[in-house]
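Hello,

Here is the structure I promised to pass on to you. Please open it first, and then read on for what turned up in it.

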Amino acid sequence: MQTAPKLQIETARVEDDRTGLSIETLKRAFLDNLFYIQGKFPRLATQHDYYMALAYTVRDRLLQRWISTAATYTEQSSRTVAYLSAEFLMGPQLGNNLINLGIYDRVQQAIEELGLNLDTLLDQEEEPGLGNGGLGRLAACYLDSMATLEIPSLGYGIRYEFGIFKQGLQNGWQVEFTDKWLRLGNPWEIPRPDWAVQVKLGGYTEAYLDANGHYRVRWIPRQVVKGVPYDTPILGYQINTCNTLRLWSAQAPESFDFEAFNSGDYLGAVQEKISSENLSKVLYPNDNVSQGKQLRLAQQIFFVSCSLQDMIRILLRQKLPLSEFSQKFTVQLNDTHPAIAVAELMRLLVDEHGIAWDQAWDITRNSFAYTNHTLMPEALERWPVEMFGQMLPRHLEIVYEINHHFLDEVRAKFPDDGDRIRRMSLIDESGERFVRMANLACVGSYAINGVAALHTELLQKDVLHDFYQLYPEKFNNKTNGVTPRRFMVLSNPRLTHLLNDTIGDSWVQHLDHLQKLETSVEDASFRQRWWEIKQANKHDLATYIQAHNGITVDPESLFDIQVKRIHEYKRQHLMVLHIITLYNRLKANPNLDITPRTFLFGGKAAPGYMMAKLIIKLITSVADVVNNDPAVGDRLKVVFLKNFNVKLAQHIYPAADLSEQVSMAGKEASGTGNMKFAMNGALTIGTLDGANIEIREEVGPENFFLFGLTAAEVKALKASSYNPWNYYQSNPELKEVIDRLKAGDFSGGNPDLFRPLIDSLLSWDNYLLFADYQSYIEAQEKVSQAYRDRDRWVRMSILNTARMGKFSSDRSIAEYAADIWQTPSVKIELTDNARLSR
Ligand code: GPW
């Protein structure tokens with residue numbers, strides 16, 4: 001290997017202009033970037049140009065840390081987490097980087113001295129929406145915590161050209177627009193074309209004997225696609241560690257055109273190029289559902305193969321043998337989307353690097369850890385064997401071989417148990433044959449975890465019961481967490497200042513220090529400030545609603561909010577049943593003294609999920625009636641906020657009084673929005689599902705509005721042939737709600753509009769809305785009563801924030817590092833230039 005030449009250039013000046021943090025240096029750098037990067041002078045510059053100039057100014061200040069981090073990891077051959085995820089829902093980068101660099105206030109001042117406004121510039125950023133919801137956002141929070149805890153890590157994923165669609169509303173229905181997030185350029189990424197790799201697809205395999213007379217297999221692909229890495233810096237909170245998110249973009253290989261081109265088939269050649277680039281074109285917009293599409297499998301093998309080849313490149317460059325792969329890297333599989341990695345690493349080791357099967361299998365099994373994120377049966381990934389073999393002929397052989405050894409292992413431990421063999425096989429042979437990705441992930445991993453205590457328990461008892469019996473030692477729980485940097489410091493500056501004034505700022509890195517707030521609960525002036533901050537945040541959100549929805553909402557009313565992907569199991573429509581119940585009560589008794597509420601919804605429906613889209617139409621239709629009925633006045637308002645994304649989320653959590661976490665028990669693996677709300681002082685109304693259970697344990701049952709069946713009761717009720725019709729018949733308020741919907745009272749007299757939804761509730765009610773209705777209504781009455789006693793409410797709100805320490809993603813990541821990864825933290829010193837040139 002070549003040694004790099006000693007750097008000859010004088011870098012001292014570069015250092016100062018590009019790392020200096022004084023207000024004067026920041027201003028100079030900003031204007032310099034406006035001129036040299038954007039090519040604009042102030043009179044012609046747009047707000048977006050100013051945003052770009054500031055983003056480059058901040059990026060320059062990350063680079064020294066980034067390079068020092070990479071240099072240190074290389075020198076020390078640090079053990080590294082490779083976090084493989086099909087989604088990283090990063091949200092806007094500028095504000096977060098300012099916070100983590102510790103220069104937010106200084107930059108605000110510099111920008112103001114230039115006659116600009118920082119909030120306006122922050123607002124220019126198109127967020128990278130490379131994820132659907134909780135799973136993708138969790139990956140982003142975990143990158144933040146790994147950097148903050150100084151854990152060497154690489155995030156690996158796909159650089160989708162189009163992220164999650166933009167949601168519009170037309171006549172109350174969701175409409176989708178493509179998300180052209182790269183249109184104006186992305187200042188945060190650096191392409192690394194020199195580290196591009198090739199991925200094979202299709203074709204066939206053939207056996208041959210190598211020079212030593214060993215039986216080998218070679219794969220002759222039909223197509224080869226090039227993967228180009230794009231790197232984004234992930235800076236830890238007020239620390240030098242700056243890790244990397246490496247996203248792969250698909251390109252046709254250089255030679256794409258020559259054969260077809262020479263034979264005169266120019267358009268055929270271009271077609272081939274287009275089809276290659278399709279691989280990273282668009283994010284599949286499904287949450288908790290697998291559509292089983294061929295292109296999705298191609299995306300999975302594409303980013304997994306690129307990432308594993310990249311890890312092998314890093315290993316070999318550090319002069320480590322392949323036998324040390326699992327010492328150098330631990331590869332975390334974010335659900336089964338990257339689970340093909342188990343077969344791909346075997347292929348790379350055995351076919352491409354000539355390692356014997358048994359040794360390769362030892363390396364592989366010691367390299368992967370698998371996180372399951374759902375109990376929804378429709379989310380379990382299975383690929384038709386036919387499709388799988390067409391695209392990945394060699395991987396199918398490898399899966400069969402792994403299965404052969406694995407089923408021998410099962411038979412040895414459980415003799416004469418044919419049913420068990422059929423259930424555990426990597427191949428589902430009950431009808432059309434499928435490759436089962438969760439089974440592959442379980443067999444190929446040394447650790448398997450769920451994302452909340454109940455979820456892990458249900459995995460062990462239910463979905464992965466057979467694997468739990470075979471490998472009990474692999475199973476463990478890692479309750480999710482979220483980053484307080486983005487979801488408190490950045491999004492709720494008013495609260496942050498109050499907390500810092502009261503208990504100091506150590507809570508940002510040690511969220512359990514929020515406990516210190518408990519003594520302030522007795523301080524009336526502190527409670528007053530707490531209330532005023534919530535009011536100010538609600539006022540800001542009311543201004544947003546006025547501007548975007550043209551609806552006037554009262555900041556004094558109770559802000560009752562449900563924001564998350566739209567799903568029947570999440571039960572947004574249960575909240576609608578409550579709204580209609582209150583509406584009916586007001587119609588029957590116009591002078592009824594109720595607690596004024598503003599009901600807020602936000603969330604996207606998968607474009608092909610008709611029932612979810614109908615739920616959006618239901619919300620907007622109920623809003624139209626309720627908001628415009630003079631009998632209601634200002635006592636109830638219903639608002640659907642379009643295009644819920646990370647940016648909007650950051651405006652919403654700080655303004656919430658009540659957090660709706662109402663999934664049917666046993667269905668939401670964890671939930672993470674529940675944590676973001678409670679940290680910002682919202683009280684939760686929720687079921688005993690996912691992490692709600694642990695939140696309630698932490699904040700205390702007296703500070704949580706519980707309702708509904710438990711997971712065990714749900715199971716029992718379903719087993720005893722549940723009949724929603726009986727609930728409808730025997731509950732007069734519920735009956736009136738449904739009858740009004742049936743009559744078309746919320747659909748301009750059209751009784752057909754909501755019929756699919758009503759029929760489904762009356763005849764199956766798969767998610768037991770009717771069974772939980774009465775209990776929910778009663779819990780909501782307790783909420784209304786509590787809100788009327790402002791002092792009591794504020795105390796509960798403070799205690800929620802004070803007791804949320806457990807739900808920092810720092811706690812989650814510390815547990816992953818200690819129990820699964822065994823990754824020591826690595827301190828980063830800023831390098832001098834001499835060291836960089838070594
Ligand atoms: F189906 N989750 C998600 F497990 O947001 F893959 N999208 C998904 O496709 C899946 C899970 C998958 C969510 C869970 O629904 C949520 O309960 C959990 O908090 C989150 O993943 C992070 O673990």
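**The ligand and its surroundings**

A good place to start is Gly671, where a backbone N or O atom lies 2.8 Å from an oxygen atom of the ligand. Please keep in mind that this is a predicted model.

Two further contacts of this kind are worth a look. In Asn480, an N or O atom of the side chain is 2.8 Å from a ligand oxygen atom. At Gly134, the partner is a polar backbone atom, 3.2 Å from an oxygen atom of the ligand. The ligand on its own would expose 480 Å², and the protein buries 96% of that area. As for its location, the ligand sits in the largest cavity.

If you would like to look at the whole shell, 18 residues surround the ligand. Asn480 and Gly671 are among the closest, together with Leu135, His373 and Glu668. By type, the shell has 9 polar residues, 6 nonpolar ones and 3 charged ones.

Now for the chain as a whole. The chain is divided into domain 1 (17-76 + 96-126), domain 2 (77-92 + 127-478) and domain 3 (484-818). Domain 1 and domain 2 touch through 25 residues of domain 1 and 36 residues of domain 2. The centres of domain 1 and domain 2, taken over C-alpha atoms, are 34 Å apart.

Which domains each give at least three residues to the shell around the ligand? They are domain 2 (77-92 + 127-478) and domain 3 (484-818).

Enjoy exploring it, and do write back with any questions.

Best wishes

Definitions and conventions. Residues are numbered from 1 along each chain as its sequence is written. This is a predicted model: local features need pLDDT of at least 70, side-chain atom pairs count only at pLDDT 80 or more; totals for chains, interfaces and linings use all residues. Side-chain values use heavy atoms; hydrogens and water are left out. A residue is near a molecule or strand if one of its heavy atoms lies within 4 Å of it. A polar contact is a pair of N or O atoms within 3.5 Å; within protein, one must be able to donate a hydrogen and the other to accept it, and residues adjacent in sequence count only if both atoms are side-chain atoms. Accessible areas come from the Shrake-Rupley method with a 1.4 Å probe; for residues, only the protein chains shown count as cover. On a 1 Å grid over the protein atoms alone, a cavity is a set of points where a 1.4 Å probe fits but cannot get out, and a pocket is an open set with protein on both sides within 12 Å along at least five of seven lines; lining residues have an atom within 4 Å of a point. A molecule sits in a cavity or pocket if more than half of its atoms lie within 2 Å of its grid points. Ala, Val, Leu, Ile, Met, Phe, Trp, Tyr, Cys and Pro count as nonpolar, Asp, Glu, Lys and Arg as charged, and the others, Gly among them, as polar. Domain bounds come from an automatic or database domain assignment. Contact means heavy atoms within 4.5 Å.
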